[in-house]
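Visitor: I am new to this structure and should be grateful for a close look at one part of it. Could you please take me through its charged side-chain pairs and then place them in the wider chain?

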Amino acid sequence: KGKGQGATGAGAGEAAGPSEAPRPRAPKRPRTPAEATIQKGSLRASTLKASEAASVERVRQLTRPKAAAAPKPSLRRLTQAELLEEAKMTEVINKASLAAMLKMEEAKRVTAPLQRAPDGPRLLLHSKGGRTTLSFAGGADAGPTALAGRAPPPPPRALCA
């Protein structure tokens, strides 16, 4: 069996027998201010000064009178007629806002440029199966004129005499 378990299998929080009953703790006695003070040589001078300033501030906070809370405005429930009047004003505001929003959307739709297909000759690059093909599009005379005929013969070799 593990530690703290007796023959009856009592757990960690349970007493195993009458001889192992927990002893009652003595009540803590309040410390007097003289006991609470720190001896002179046990802390730095700056720490003592800061502790003293904090305790003076604490005493000042406790003796200061509490500020009165600001009175809350009284809220009353609106009558049915007042609610209807408010709904009429809200409707007018909402309609104006909707009209402005629709006008902005319409202006945005009108100014959007339309995408057109490119005009004139262009190059088309097509890759498939490790082979790449380059072709010209845009009409019969789309390609460069240099590609229409045969290449000129190479110039004769220059020989040194």
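Guide: R109 and E106 stand 3 residues apart in helix α3, so about one helical turn separates them. Helices here are DSSP runs of H or I with at least four residues, strands are runs of E with at least two, and both are numbered from the N terminus. The two residues form a salt bridge, their closest N and O atoms lying 2.8 Å apart; the term requires a side-chain nitrogen of Lys or Arg within 4 Å of a carboxyl oxygen of Asp or Glu. R109 is exposed at 55% relative accessible area, whereas E106 is partly exposed at 41%. Buried stands for under 20% relative accessible area, exposed for over 50%, and partly exposed for the range in between, with a 1.4 Å probe and protein chains only.

The model is predicted: local features need pLDDT of at least 70, side-chain atom pairs count only at pLDDT 80 or more, and totals for chains, interfaces and linings use all residues. Residues are numbered from 1 along each chain as its sequence is written, and side-chain values use heavy atoms, leaving out hydrogens and water.

Helix α3 also holds the pair K95 and E91, which are 4 residues apart and thus separated by about one helical turn. Their salt bridge has its closest N and O atoms 3.4 Å apart. K95 is exposed, with 55% relative accessibility, while E91 is partly exposed at 43%.

A further pair belongs to helix α2 (residues 45-63), where R60 and E57 lie 3 residues apart, about one turn of the helix. Their side chains meet in a salt bridge at 2.7 Å, N to O. R60 is partly exposed, at 42% relative accessible area, and E57 is partly exposed too, at 33%. The structure holds 4 salt bridges, the pairs described here among them.

As for the wider chain, 3 helices and 2 strands follow one another in the pattern α-α-α-β-β. Helix α3 (residues 80-111) has the highest mean pLDDT among the elements, 94, and helix α1 (residues 33-36) the lowest, 58; pLDDT is the predictor's confidence in each residue, from 0 to 100. Of the 161 residues, 2% count as buried.

After the helices come β1 and β2, which pair in the antiparallel sense over 7 bridges; two strands pair if DSSP finds at least two bridges between them. They form a hairpin with 2 residues between them, and G129 in the turn has a positive phi of about 60°. Of the 7 residues of β1, 0 are buried, so this strand lies largely in the open.
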